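Please explain how the chains in this structure meet, and how the sheets in it are put together.

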Amino acid sequence: MMAKLIAIEARRLVTRGRFSLMVAVAAAFGVFNLLDSHSEPLRFAGSFSAAGGLAFQNVAPLIAGVVSAGALAEDRNRGFPHLLMSRGLSRNRYLAAKAAAMAVAAGAATLAACVLIIVAAAVLVPGGETGADSLTGPIPALLASEPLLSDLVAIGFLVMATAALATSGVAVGTLVPNEYIAAAVPFIVTIAASFLLSGAFTLVSPFTYLELNREYVAVLPASLLTVASPIYWACFALTCLGTGVAAATRREFS
Amino acid sequence: MSSPGPAVRLEGVGKRYGRHWALRGVDLHLLPGEVLGFIGPNGAGKSTLIRLLAGLARRSEGTVEVLGLRLGDRAMSPDGIGLVPESPQFIPYLSGRRNLEFLAAIRTVAGPAEIAKVLARVGLDPADRRATRKFSLGMRQRLGLAQALMERPRLLLLDEPTNGLDPAGIVELRGIVREAAAGGTAVFMASHLLTEVEQVCDRVILVRDGSIVKEVRRSEQPPEKTVRVVVSGDPDLDALEQWAQRRGAPLTPADPKEGPRARLVPVPTSTPELIRELVGAGVSIEEIATVRRSLEREFLDLVSSA
């Protein structure tokens, strides 16, 4: 039943107009960066790491907020969980399914945008490998040796990041049944963290794990670059889900 | 053959929010095929009780057993519940039918044919592709009823089901509720429309401050039979009051619209005997009629005594 519910809920989010809108906006930013924001000639392999994914440190939280994060609060505001939970679905399972669906939908939006950027790169950028002289990507050694793989890793990190950011809507939506507040939180948290957290605290800032070309490489030791992002976003999502479940149990939300 | 167990059994149930008891010491049972009405002033605990029965909230004390499942410390909904919440809301950008298909996919009990049938039963067009955001309150209420009925529930919980329904819709609702009960579904209905509750329910419980204060059975005779007596003149009114004093039967002024010489008189034995006594006491009677103590009266007494 869980898999079915996740699929239904995710489909609900993916078929909304705002999903397509955010995919288009994110892809447009990526294509713009391909054409404009690079200091050396791009080649197809490595072009996403070097330029196409640059805007995602700001766009990913927007995608998470607009596509998914407000979904639980929106449903609660309408009393819709009543109808679901009275069908034998426990509160925790409902929240887990909702979190998974929100993550899937947000991740899918980022993935779709990244695919569009890659397709655009195939058309707009000459073939070959991008030189890594002034660009790093999430794993500089990988960009230098396997630029196409570096692109795929960067996309994977961004998809995970967007998915995890969307789960903030479970924590916020459980506490406040207001769609707009829940939708704004991923962006506000990311931007606020980029300004407020400095020094050692940048290790826990979501901005660090979204800005893959500078912050990520600068803050984290090279040996952790391959695992730090997945671990950070997994912890982020579990914290959000745990907070949501604890608050929902205490407040008997529905 | 053993009779089926109760669909709902509550014993000493209480529900506390912080320091406030929303329900306290509630004992009730509801049998399959029975329609139980639940009325009380605002804040009496009606919605809290429906949340407890639907498994959406945990009891703070007592025993809650719904459809054979004892609901313990964890809030969980037993299988077989149909819930119509107060002012049901749906996914606004989907049609009524798509909303039901979405909900039906959770239990996979109702298929497209059942969904179309139940939509037609509640007076909605199964082919209507309008998004539910364009539905009126009454249409949403009908859709709420449809989602509760589509999986053939064994317990139907209705929280103010007549909200927004037009008179025809209310009559249809009455038929639907009786039909569900005839099919063995236990129905629990909280409503402010007292006449509706009175007409459709087998039993009605009155609640105040989270406690059941009275239970009225539809089949029961009113506990005290009353007649409305209109006398001919003021001397007859004096004679009536003297008779009442001798008999220890308190008179109550009737509705002012009945005139100044109308009184409600409790019947000590039987109505023919009462008439003989009044005539014997020199009371000249213009009109006499049996008055059934309505649920409305009970409710108003309940509210005024709060």
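The text below takes the interface first and then two sheets. The model is predicted.

The two chains touch through 21 residues of chain A and 29 residues of chain B. The size of an interface is often given as the accessible area lost when the parts come together. Between chain A and chain B that buried area is about 2500 Å², and carbon and sulfur atoms contribute 57% of it. On the chain A side, Arg78(A), Arg87(A) and Glu252(A) provide 30% of the area that chain A buries against chain B, more than any other three residues.

Arg87(A) also takes part in a salt bridge: its side chain meets that of Glu151(B), with 3.1 Å from N to O. The rule finds one salt bridge across this interface. It also finds six residue pairs in polar contact between chain A and chain B, counting pairs with both residues at pLDDT 80 or more. Within chain A, helices α1 (2-14) and α6 (80-85) each supply at least two residues of the side that touches chain B. The helix α1(A) gives the most, with six residues. By residue type, the side of chain A that touches chain B divides into nine charged, seven nonpolar and five polar residues.

Chain B holds the sheets described next. In one of them, four strands form an open, antiparallel sheet in the order β2-β1-β4-β5 of chain B. At its edges are β2 (20-30) and β5 (69-71) of chain B, each pairing on one side only. From one strand to the next, the twist averages 30°.

Which strands does β1(B) pair with? One is β4 of chain B: residues 8-17 of β1(B) and residues 61-66 of β4(B) form an antiparallel pair over five bridges. Within this pair, Glu11(B) has Thr63(B) as its bridge partner, and Gly14(B) has Glu61(B). The other is β2(B), which pairs with β1(B) in the antiparallel sense over seven bridges. In that pairing, Leu28(B) in β2(B) is the bridge partner of Leu10(B). The strands β1(B) and β2(B) form a hairpin with two residues between them, and Gly18(B) in the turn has a positive phi of about 65°.

A helix covers part of this account as well. Helix α1 of chain B, residues 46-53, packs on the sheet and touches β1, β2, β4 and β5 of chain B. The direction of this helix makes about 120° with that of β1(B).

A further open sheet in chain B has four strands in the order β12-β13-β11-β14, again with antiparallel pairing. The strands β12 (252-253) and β14 (285-291) of chain B stand at the edges with a single partner strand each, so one side of each is left without a neighbour in the sheet. Inside the order, β11(B), residues 226-231, and β13(B), residues 262-266, pair in the antiparallel sense over five bridges. One of the bridges joins Val230(B) to Ala262(B) in β13(B). Helix α7 of chain B, residues 234-247, lies across β11 and β13 of chain B and runs at about 20° to β13(B).

When following any of these strands in the view, recall a general point: in a regular strand the side chains alternate between the two faces of the sheet.

Definitions and conventions:
Residues numbered from 1 in each chain as written. Chains lettered and ligands numbered in written order. Predicted model: local features only at pLDDT ≥ 70, side-chain atom pairs only at ≥ 80, totals over all residues. Heavy atoms only, no water. Contact = heavy atoms within 4.5 Å. Buried area = accessible area lost by both parts, 1.4 Å probe. Salt bridge = Lys/Arg side-chain N within 4 Å of Asp/Glu carboxyl O. Polar contact = N/O pair within 3.5 Å; in protein donor to acceptor, adjacent residues only side chain to side chain. Nonpolar A, V, L, I, M, F, W, Y, C, P; charged D, E, K, R; others polar. Pairing = 2+ DSSP bridges. Axes fitted to C-alpha atoms, helices over the stretch in contact; angles between N-to-C directions.
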